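Biologist: Could we go through this model together? I would like to begin inside one chain and turn to the interface afterwards.

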Amino acid sequence: MKPRIATAARVVLWCTLLYIGTLALVAIAAPLIAPADPLVQNIPARFSSPGTAGYPLGADDFGRDVLSRIIFGARAALLVGLVSVGIALLLGLVTGLAAGLLEGPVDSALMLLMDAVLSFPTVLLAITVVSVFGYGLPQVMAAIGVIFSPLFARIVRAETLTLKQEPYVMSAHALGTPLRRIVSVHLLPNMLPKIVVQCTVTFALAIVIEASLSFLGLGAQPPQPSWGLMLRSARNYLLDAPWLAFYPGLAIGLTVFSFNLLGDLLNELLQIRR
Amino acid sequence: MRRLPFSILAALIAASIYAGGAPEAARPQGDTLRFALSGNPDTLDPQATQGTLTFQVLRSVYDTLVEPDHDGRIVPALAESWQVSTDNLSWTFQLRRGVSFHNGDRLTAADVAATFARLLDPGLGSPHAKEFASLREIRTPDEYTVVFELDHPYSPLLSSLATGWSAILPRSLIAAQHDFAAHPVGTGPFRFEQWIRDNRIALLRNPDYWIPAVPIVERVHFNIITEVAVQVQGVLTGDLHIIDMVGPTDIARIERDPRTRLDTGLSSLVMVLAINTRRDPLSDLRLRRAINHAVDKQSILDVAYAGGKVIGTFMDYGDPYYVDLADLYPYNPQRARRLVAEAGAAMRTLDLVLPQNYEPHVRAGEMYQQMLAEVGFDVRIRLVDWSTWLADVYAGGNFDLTVIGHTGKLDPDGRLSMFESDNNYVGWTDPHAAEMIRAARRVAGFEERRALYRDVLQLLAEQVPFVFVGSNYRYIAMRENVEGFHMDAKLDTYDLRRVRLR
């Protein structure tokens with residue numbers, strides 16, 4: 001039984017990696033790939049249905065090309081994922097290492113702070129942050145980064161505490177290896193698998209939250225192409241122009257699904273290996 | 001699966017029988033008009049609020065001394081007639097006899113005097129007190145005569161007396177400190193019955209109303225429904241008779257259905273692209289004219305505001321004071337580009353601020369951005385929430401361009417008095433215009449006032465502190481069996497007195 005699951009899992013893994021890779025390429029090369037300028041309005045062509053000449057996925061309420069907007073929207077989504085996960089990872093690493101290495105009151109204080117952040121409903125906290133610092137993608141990325149940093153801090157702290165007890169770390173310490181070297185050679189590489197899994201899952205969450213905030217009008221600002229923003233304006237035309245909601249919805253769904261699946265598969269693979 | 005306890009089942013069955021049967025038998029369906037109200041009013045005290053929702057309900061509970069007719073002219077209501085002295089300082093109203101309040105009191109001049117004494121009482125803090133600032137005293141020479149004595153001539157008084165906040169309240173209840181906010185008592189066509197907050201306001205026919213055989217329906221239920229989709233569904237299924245929220249994409253569906261019809265009319269909103277004339281480079285009239293020529297107004301109305309009519313100045317179409325200036329700045333990108341080149345100003349990025357909660361304005365803003373980009377303006381959109389817009393843009397003047405709609409006023413002074421000085425959000429004034437605005441307040445004759453306002457409106461249009469885009473259509477959907485409904489576009493209220501359900 002086991003090998004068959006592994007094979008199936010491997011196929012799925014390659015599929016998700018292929019999707020994510022393609023998405024990344026599309027995002028990077030958006031200006032080359034997109035058939036039209038995502039911002040240019042063409043009022044006479046508004047609500048053109050998918051397949052109309054020049055509008056493979058239809059045109060929106062201003063006559064803008066939906067396909068081009070989705071392609072440029074991938075940029076916003078991936079950028080938000082990368083930057084906010086980067087911020088969360090950095091903050092989480094620093095706090096987690098500090099808490100795990102120093103222990104005692106520092107540990108208690110830092111973890112209390114992290115638990116406090118975690119105890120708020122994520123989207124609500126993001127809305128609060130964005131309302132205070134202003135609407136826009138940079139604010140959204142910073143907010144998501146801060147909000148998700150406790151997830152990383154917890155993992156890093158727990159791993160640090162465990163690894164610290166490992167004989168090879170203790171002997172390195174006894175031999176007088178500097179702390180910086182212990183962290184970079186012994187601690188970080190050994191906690192990497194768990195961090196990678198957490199990164200992929202958080203990436204998916206970040207994309208969903210960006211889409212939600214943009215849908216609420218707090219994230220990406222018009223006329224910027226963003227999947228969540230596209231859904232926001234599409235909700236007015238659900239009965240008459242369903243494709244306006246369908247394609248950005250599909251893009252969000254597939255992307256989030258892929259990252260979640262990737263996280264799960266990596267988690268399984270790494271656990272099997274242990 | 002767990003089974004439902006018997007008691008719950010029994011309760012469900014009992015409830016369904018009750019809901020399905022009893023009330024239907026008690027009163028015939030056709031006699032209750034069910035009207036969708038788009039929100040919960042903040043209060044039902046007509047003197048204590050500016051909220052339209054309040055007046056949409058209270059128009060049926062109260063009367064005013066005079067009222068606008070269907071063409072916007074002021075006609076007698078509780079006052080049968082009125083005269084103005086030659087110096088325009090004293091306004092005498094003869095009250096209608098035989099009018100009674102819902103609590104049984106007979107309407108007399110003392111009620112009118114008490115009503116305005118309450119409105120001007122600083123303790124109440126009415127937002128409308130300033131409209132009666134010219135009032136020196138109210139005299140009541142006899143039971144049915146009221147005289148408003150003014151400090152200085154003030155022609156807009158008559159329009160103020162026709163609006164909802166000039167509703168006449170009974171003196172006895174004012175003296176008794178009655179809670180008008182929760183339980184209104186007036187002389188209107190319907191008596192207040194019940195207000196279940198966030199759910200429904202129920203009114204009952206007033207059999208003693210001063211117009212014979214009016215009103216016609218037995219009850220009015222204002223069902224409070226804030227979602228467009230729910231309102232539309234309600235009128236399509238017949239749960240509601242009249243709704244006033246219709247999305248652009250619902251229009252076709254309502255028109256297609258033989259059981260519903262659509263009442264379409266121009267709203268009295270003037271949609272504008274406001275230009276901050278205090279700031280460079282927009283203080284240059286040539287650039288403001290360029291902006292005006294760059295905007296395809298009909299396209300903005302059709303796409304962002306679900307249809308409308310282009311108007312060229314700060315007065316809604318259909319107003320007796322309207323001046324047709326719609327063709328002053330036709331859509332002409334070439335001319336706009338020429339004007340921009342002529343001005344030759346160092347162009348910086350313009351800050352277009354949009355009120356985020358008003359989606360049509362945001363959509364219009366996206367279109368302005370593109371239209372202005374085509375003639376050489378670099379415009380960046382900034383979305384703000386409504387309170388920020390009011391504080392930062394409307395009060396603070398922190399913007400280059402913004403998009404908004406200005407509501408209608410019965411008297412032109414209501415729209416134009418803000419240009420008496422440059423203390424308005426676009427920072428525009430003109431000594432000649434200011435003088436005419438002041439003069440129009442002092443003269444009482446319609447033709448004289450019209451001539452003065454015509455010049456003010458012409459100046460406003462030429463000087464372009466705003467791109468006056470137009471008025472949008474407003475849509476009211478109703479069941480096909482509803483007759484006699486009238487919406488007052490100026491006041492944004494509903495006259496339900498002659499509504500009949502066939």
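Modeller: Let us begin with a pair of residues in this predicted model: Arg497(B) and Glu67(B) are both buried.

Biologist: What do the side chains of Arg497(B) and Glu67(B) form?

Modeller: They form a salt bridge, in which the closest N and O atoms are 2.8 Å apart. The pair links distant parts of the chain, with the two positions 430 residues apart in numbering. Glu67(B) belongs to strand β2 (residues 66-68) of chain B, while Arg497(B) lies in the loop between β21 (493-495) and β22 (500-501).

Biologist: How many salt bridges does the structure hold over all chains?

Modeller: There are 38 over all chains.

Biologist: Which residue meets Arg136(B) in a salt bridge?

Modeller: That partner is Asp151(B), at 3.3 Å from N to O. Arg136(B) sits in strand β6 (residues 135-142) of chain B, and Asp151(B) in the loop between β7 (145-150) and α5 (157-162), 15 residues apart.

Biologist: Why does Asp151(B) count as partly exposed?

Modeller: Its relative accessibility is 46%, and the partly exposed class covers values between 20% and 50%, so Asp151(B) falls in that class.

Biologist: And where are Asp208(B) and Arg191(B)?

Modeller: Their side chains meet in a salt bridge of 3.8 Å, N to O. Asp208(B) is in the loop between β9 (200-205) and β10 (219-224) of chain B, whereas Arg191(B) is in strand β8 (residues 190-196), 17 residues apart. Both count as partly exposed: Asp208(B) has a relative accessibility of 46%, and Arg191(B) has a relative accessible area of 26%.

Biologist: Which residues are joined into one network by salt bridges that share partners?

Modeller: The network consists of Asp413(B), Glu420(B), Glu435(B), Arg438(B), Arg441(B) and Arg442(B).

Biologist: Let us change topic. How many residues of chain A and chain B are in contact?

Modeller: On chain A, 21 residues are in contact with 17 residues of chain B. The area buried between the two chains is about 1600 Å², and carbon and sulfur atoms give 45% of that area.

Biologist: How many salt bridges are there between chain A and chain B?

Modeller: The count is three. In one salt bridge between the chains, Arg363(B) pairs with Asp61(A), and the closest N and O atoms are 2.2 Å apart.

Biologist: What classes of residue does chain A have on the side that touches chain B?

Modeller: That side has 11 nonpolar, four polar and six charged residues. Across the interface, nine residue pairs are in polar contact, with both residues at pLDDT 80 or more.

Note on methods: Residues numbered from 1 in each chain as written. Chains lettered and ligands numbered in written order. Predicted model: local features only at pLDDT ≥ 70, side-chain atom pairs only at ≥ 80, totals over all residues. Heavy atoms only, no water. Contact = heavy atoms within 4.5 Å. Buried area = accessible area lost by both parts, 1.4 Å probe. Salt bridge = Lys/Arg side-chain N within 4 Å of Asp/Glu carboxyl O. Polar contact = N/O pair within 3.5 Å; in protein donor to acceptor, adjacent residues only side chain to side chain. Nonpolar A, V, L, I, M, F, W, Y, C, P; charged D, E, K, R; others polar. Helix = DSSP H or I, 4+ residues; strand = E, 2+ residues; numbered from the N terminus. Buried < 20%, exposed > 50% of the residue type's maximum accessible area, 1.4 Å probe, protein only.
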